[in-house]
Amino acid sequence: MLSIPNNTDDIVSTIREIVPKGPEYAVDTTGYAPLIKEQLASLTTAGKLYIIGIAGPLNLSGMDIMGDSKQIIGLIEGDAIPQLFINKLVSYYKKGKFPLDKLMSFYKFSDVKQAFADFESGKIIKPVILFD
């Protein structure tokens, strides 16, 4: 049974439970440097990591990328074809390969400080703020 880790320590092994050789692609929407590094480490040889969220310093070594011919690619809105990309994500979700519901945690706007604290501590992956 797949379990989503509460911090970044087990991200690579959790991803490898789903895709033993590592995924060809990963998409980061968090901008959280430790998670970005773990996603990069989980990729297969020649894998591509797409970064959508704004990230701070990543402090990567050349071997993090060049050792397995990996790529980090920054994206802005129009870099995906929504009609294709969203359908593919829905397909993965239906097959149990994209645990979207386990990645998100919901917070009231009044709890926004807690949402940030939980995200920074690695307790959650994607905080979603709900407005009344």
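**A guided tour from helix H4 to Lys 70**

Begin by selecting Phe 85, which is found in helix H4. The model on display is a predicted one. With a relative accessible area of 34%, Phe 85 is partly exposed, since that class lies between the limits of 20% and 50%.

Keep Phe 85 selected and add Val 27, Ile 52, Ile 86 and Val 90. Together these five residues make a nonpolar surface patch of about 390 Å². Which element gives the patch its largest share? That share, three residues, comes from H4.

Now select the whole of helix H4, residues 82–94. Its 13 residues, at 1.5 Å a residue, should span 18 Å. A distance drawn between the end C-alpha atoms of H4 gives 18 Å, so the expected and modelled spans agree. Beyond the helix, move to Gly 96, which follows H4 and has a positive phi, near 80 degrees.

The next stop is Lys 70. Look for this residue in the loop between helix H3 (62–66) and strand S3 (71–74). Is Lys 70 buried or exposed? Its relative accessibility is 9%, and Lys 70 therefore counts as buried, the cut-off for that class being under 20%.

Display the side chain of Lys 70 together with Asp 68. The two residues form a salt bridge, in which the closest N and O atoms are 4.0 Å apart. The structure holds one salt bridge. The partners differ in exposure: Lys 70 is buried at 9% relative accessible area, whereas Asp 68, at 35%, counts as partly exposed.

Stay with the Lys 70 side chain and add the backbone of Leu 43. The backbone oxygen of Leu 43 lies 3.3 Å from a polar atom of that side chain. To see the wider surroundings, select the residues that Lys 70 contacts, leaving aside neighbours within four places in sequence: Leu 40, Ala 41, Leu 43, Thr 44, Gly 47, Asp 64 and Ile 65.

Finally, clear the selection and display the protein chain as a cartoon. The chain has six helices and five strands. Traced from the N terminus, its elements run α-β-α-β-α-β-α-α-β-α-β. Colouring by relative accessible area will pick out the buried residues, which make up 27% of the 132 residues. Among contacts with a separation of 6 or more, 37% join residues 24 or more positions apart. Switching to a surface display shows an accessible surface of about 9000 Å², of which 58% belongs to carbon and sulfur atoms.

Terms used
Residues numbered from 1 in each chain as written. Predicted model: local features only at pLDDT ≥ 70, side-chain atom pairs only at ≥ 80, totals over all residues. Heavy atoms only, no water. Helix = DSSP H or I, 4+ residues; strand = E, 2+ residues; numbered from the N terminus. Expected span 1.5 Å × (residues − 1). Buried < 20%, exposed > 50% of the residue type's maximum accessible area, 1.4 Å probe, protein only. Patch = residues over 30% accessible without salt bridge, like charges linked within 9 Å, V, L, I, M, F, W, Y side chains within 5 Å. Areas by Shrake-Rupley, 256 points an atom, 1.4 Å probe, with all protein chains shown as cover. Polar contact = N/O pair within 3.5 Å; in protein donor to acceptor, adjacent residues only side chain to side chain. Contact = heavy atoms within 4.5 Å.
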